[in-house]
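Student: Could we go through this structure together, one question at a time? I'd like to see how each answer is reached.

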Amino acid sequence: MAECHAQNKAKLISETRRRFEAEYVTDKPDKYDPRDIERLQQDDNWVENYLFWRHNIVDETLKMLDESFQWRKEMSVNDLTESSIPRWLLELGGIYLHGYDKEGNKLFWIRVKYHVKDPKTILDKKKLIAFWLERYAKRENGKPVTVMFDLSETGINSIDMDFVRFIINCFKVYYPKYLSKMVIFDMPWIMNAAFKIVKSWLGAEAMSLLKFASKNEVQDHVSVEYLPPHMGGTDPFRYSYPPLVDDDFQTPLCENGPIASEDEASSKEDIESDGKETLETIPNEEQTALKKITLTEPTSKAEENEKVDSKMKTFKKPLSVFKGPLLHISPAEELYFGSTESGEKKTLIVLTNVTKNIVAFKVRTTAPEKYRVKPSNSSCDPGASVDIVVSPHGGLTVSAQDRFLIMAAEMEQSSGTGPAELTQFWKEVPRNKVMEHRLRCHIVESSKPTTLTLKDSAFNISEKTSEDIYLQLNRLLESNRKLEDQVQHCIWFQQLLLSLTMLSLAFIISFFYLLYS
């Protein structure tokens with residue numbers, strides 16, 4: 001069944017590419033950016049996103065690609081950089097990426113109070129939206145975002161329907177499958193009429209992704225650690241520029257505590273801690289307690305690796321693989337951690353060098369205080385594999401919002417791989433030579449799951465949750481419609497009373513005028 005589905009998907013992707021080239025590109029090659037045409041032929045995920053959004057109907061997908069590619073060329077999306085955006089707009093802090101929702105999706109913040117309708121600046125603001133979305137899409141490739149429309153402290157001057165329509169089109173046409181949901185926070189009643197128009201733009205399918213939330217409801221979507229205080233959250237984040245707001249990946253914990261920097265001292269500390277590392281084996285079905293193996297005597301690197309390799313056999317090897325140009329990384333997208341009850345707290349990342357040179361790598365995380373990573377900064381020989389153990393530190397809880405970043409770069413044959421050489425290498429390596437791959441965290445309750453079973457289970461849970469949310473949303477929308485009708489009746493009644501009052505006043509004035517004339 002799965003094989004048939006994969007074959008059908010490959011067939012649709014191939015047909016889309018062939019027909020787009022023949023029916024759209026051949027006659028007007030200058031209509032699109034050549035880089036987009038090239039990417040269309042090489043990136044299966046990109047084509048699949050458009051097909052998915054158009055229900056795998058190739059004719060509709062081709063029209064969508066045509067509109068999207070024309071827009072990308074008009075906006076020069078492939079050439080948008082930080083310098084393309086006016087500095088004052090970046091300093092304003094009205095649009096940025098920061099934090100994660102409860103499903104682990106990145107939050108795309110739009111602080112509407114900072115927006116003032118102005119035809120002179122609207123193009124720059126649209127470019128800023130495109131800049132952030134393109135930057136995210138190139139890094140995360142298909143992982144959705146949650147748009148946080150923050151309408152708190154918003155006045156009538158901030159209502160710009162053209163700008164709102166542009167944002168909606170970004171997710172409907174230009175970046176399909178990238179929208180997880182759109183949370184509308186603290187919408188003033190005066191904007192009810194405006195958002196009725198917005199609903200018509202979204203369409204029936206996207207309507208299910210629209211979530212209206214008050215201060216008491218927004219925590220249903222985003223935990224307090226990623227909400228600002230005015231939303232009832234505890235996030236200490238304050239926007240500032242420069243630099244650009246990023247995921248804030250930092251070096252994780254080593255055995256002896258946080259690594260403050262990646263200099264020789266930190267690398268030395270990391271190496272020394274390898275000799276003191278205590279690894280807990282995953283319990284068998286018959287075991288009720290964790291076995292601990294402590295390395296106390298100095299060993300050679302080969303002997304140490306042999307011992308670590310034997311311990312790694314207790315971990316389940318991940319099944320999914322991300323195939324990068326330098327490293328194959330397994331798992332491909334999510335690190336599966338067991339719950340506190342299951343006892344399987346640790347997880348494994350497997351890196352395989354697919355080049356002919358040594359590849360240096362390091363691991364960073366958005367929650368450096370939570371995790372120990374072994375090794376976090378090392379190298380991998382040509383054709384070899386390295387097992388990286390990731391474990392929560394000090395009883396801290398794994399969160400779906402946590403992220404890990406694998407960074408890798410190819411080293412020269414003559415380069416050394418000691419702590420000092422690696423430190424110097426990372427200081428000098430050009431940014432465009434560094435491969436990056438991000439991993440999400442996922443918590444599972446089963447005591448001994450397989451990766452495949454976990455994915456199927458997660459998928460079923462997701463379907464059930466989505467169905468419940470859909471039903472709740474329909475009920476909410478129905479309640480909202482009834483409330484709007486009641487408000488309209490109240491407004492009509494107020495207008496009627498005002499008219500009657502004015503008529504009565506006019507009658508009294510006329511009566512006294514006739515009486516005394």
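What follows is a chat in questions and answers about this predicted model.

Student: Let's begin with aromatic rings. How many aromatic pairs does the structure hold?

Tutor: Two rings count as a pair if their centres lie within 6.5 Å. Going by that cut-off, the number of aromatic pairs in the structure is 18.

Student: Take Phe20 and Tyr24: is that aromatic pair stacked or edge-to-face?

Tutor: Their ring centres are 5.3 Å apart, and the angle between the planes is 15 degrees. Planes under 30 degrees apart count as stacked, over 60 as edge-to-face. So the pair Phe20 and Tyr24 is stacked.

Student: And how far apart are Phe20 and Tyr24 along helix H1?

Tutor: Both sit in H1, which covers residues 2-25. They're separated by about one helical turn because the spacing between them is 4 residues.

Student: Is Phe20 buried or exposed?

Tutor: Its relative accessible area is 1%. Buried means under 20%, so Phe20 is buried.

Student: What about Tyr175 and Tyr178: stacked or edge-to-face?

Tutor: The two ring centres are 6.2 Å apart here, with the planes at 85 degrees. Both tyrosines are buried, by the way. An angle over 60 degrees counts as edge-to-face, so that's the name for Tyr175 and Tyr178: edge-to-face.

Student: Back to Phe20 and Tyr24. Which residues form one aromatic cluster with them?

Tutor: Look for the rings that belong to one cluster with Phe20 and Tyr24. The other members are Tyr32, Trp46, Tyr50 and Phe69.

Student: Trp46 is in helix H3, right? Which residues of H3 are buried?

Tutor: Yes, H3 covers residues 44-53, and Trp46 is one of its buried residues. Tyr50 from the aromatic cluster is on that list too. The full set is Trp46, Val47, Asn49, Tyr50, Leu51 and Trp53.

Student: Which residue caps the N-terminal end of H3?

Tutor: Find the backbone nitrogen of Asn45 and look for a side-chain oxygen. There's one 3.1 Å away, and it belongs to the capping residue, Asp43.

Student: Which helix does Glu48 in H3 reach through its salt bridge with Lys9?

Tutor: First the contact: the N to O distance between the side chains of Glu48 and Lys9 is 3.6 Å. That's a salt bridge because the cut-off is within 4 Å. The two residues are 39 apart in the chain, and Lys9 lies in helix H1.

Student: How about a salt bridge inside one helix: how far apart are the closest N and O atoms of Lys138 and Glu134?

Tutor: Lys138 and Glu134 are both in helix H6, which covers residues 122-140, and they're 4 residues apart, about one turn. Glu134 is buried, with a relative accessible area of 4%. The closest N and O atoms of the pair are 3.9 Å apart.

Student: Which strands does the salt bridge between Arg440 and Glu334 link?

Tutor: The closest N and O atoms of Arg440 and Glu334 are 3.5 Å apart. Both residues are buried. They're 106 residues apart, and the strands they link are E19 and E12.

Student: On to strands. In what sense do E1 and E2 pair?

Tutor: E1 covers residues 95-100, and 6 of its 6 residues are buried. Tyr96 stands opposite Trp109 in E2, and the hairpin has 5 residues between the strands. The pairing runs over 4 bridges, and its sense is antiparallel.

Student: Which residues form the nonpolar patch with Trp88 on the surface?

Tutor: Trp88 lies in helix H5 and has a relative accessible area of 42%. A patch residue needs over 30%, so Trp88 clears that bar. Together the patch has about 270 Å² of accessible area, and the partners of Trp88 are Leu92 and Tyr114.

Student: Last one: is the peptide bond from Ser330 to Pro331 cis or trans?

Tutor: Pro331 is found in the loop between strands E11 and E12. The omega angle of the bond from Ser330 is near 5 degrees, and the bond is cis.

Notes. Residues numbered from 1 in each chain as written. Predicted model: local features only at pLDDT ≥ 70, side-chain atom pairs only at ≥ 80, totals over all residues. Heavy atoms only, no water. Buried < 20%, exposed > 50% of the residue type's maximum accessible area, 1.4 Å probe, protein only. Polar contact = N/O pair within 3.5 Å; in protein donor to acceptor, adjacent residues only side chain to side chain. Patch = residues over 30% accessible without salt bridge, like charges linked within 9 Å, V, L, I, M, F, W, Y side chains within 5 Å. Areas by Shrake-Rupley, 256 points an atom, 1.4 Å probe, with all protein chains shown as cover. Pairing = 2+ DSSP bridges. Phe/Tyr/Trp six-rings, centres within 6.5 Å; stacked < 30°, edge-to-face > 60°.
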